[in-house]
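Colleague: Could you walk me through one part of this fold in detail, the sheet and the strand in its middle? I'm new to this, so please keep it friendly.

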Amino acid sequence: MVKKISSSVFISGDGSNLKSILKNSRDYNFPIKIGLIISNNIRAYGLKYARKYNIPFKFYSSDNKDLFERNCLAELRKKRIKFLCLAGFMKKLSKKFIKNFGYKIINIHPSLLPRFKGLNTQKRVLKSKEKYTGCTVHYVTPELDSGKIILQKKILIKKNDTENSLKKRVLIQEHKLYPKAIRLVFKWLFLKKKIYFSFRVL
Ligand code: GRF
């Protein structure tokens, strides 16, 4: 049995990636357990998974970003959270927050980064007439969708794909890719024998 690292997932919406992480975290050798879910949207559908899986959750408004980040840090500290997964979390985190958290934050994006950073991804992908698209799990840095890439999955764009069909097909891949990337991050860490989880602040 591995000693699971206490982690948190940040969401803003549907939470389908959260659901996939939660399902995987039940596996005895999955490296993390989810000890806290944070949403900046009180109506996020994904919060229903917090209730279903009986995971503590918090809503903090991100209208005031500084206050939002201070609230999050206090709660993350309280719950001794060591690792963050952003999953459809629609707010950019500040450099101060990321630094304070020791850069142990990852995110998923529905494109083959560095192509198509930012919002309205599938619309831009379709317009570009690319042959392939996909999804990427990457480390979070203050610059949007720009941190080191951990893992990517490539898929073929079909001739009759619409924004919606592409979004759905990419999302199916995301649900497999995110847990894989989490396993990989911890495999690397343990291989390198880094004392990665001794924190300055948290
Ligand atoms: C996903 O496509 C993710 O890549 C992007 O936002 C979407 C969130 O979906 N960042 P969900 O909330 O996990 O269902």
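Modeller: Sure, and one term before we start: two strands count as paired if DSSP finds at least two bridges between them. Keep in mind that this is a predicted model.

Take strand E2 (residues 32-39) and E3: they pair in the parallel sense, with three bridges between them. Here Ser39 sits opposite Phe59 of E3. Helix H3 (residues 65-78) packs on the sheet and touches E1, E2, E3 and E4, and its direction makes about 150° with that of E2.

Now for E4 (residues 83-86). Both of its faces are covered: Phe83 and Cys85 are buried on one side, Leu84 and Leu86 on the other. Strand E1 (residues 5-11) pairs with E4 over four bridges, in the parallel sense, and Ser7 stands opposite Phe83. E4 is also joined to strand E5 (residues 105-109), by three bridges, and these two run parallel as well. There, Leu86 has Asn107 as its bridge partner. To get from E4 to E5, the chain goes through helix H4 (residues 95-100), making a right-handed β-α-β crossover.

Step back and you get an open sheet of seven strands, ordered E3-E2-E1-E4-E5-E6-E7, with mixed pairing. Strand E3 (57-59) and strand E7 (149-156) are at the edges with a single partner strand each, so one side of each has no neighbour in the sheet. On average, neighbouring strands of this sheet are turned by 20° against each other, direction ignored.

How values were computed: Residues numbered from 1 in each chain as written. Predicted model: local features only at pLDDT ≥ 70, side-chain atom pairs only at ≥ 80, totals over all residues. Heavy atoms only, no water. Buried < 20%, exposed > 50% of the residue type's maximum accessible area, 1.4 Å probe, protein only. Right-handed = clockwise from strand over helix to strand, strands pointing away. Axes fitted to C-alpha atoms, helices over the stretch in contact; angles between N-to-C directions. Contact = heavy atoms within 4.5 Å.
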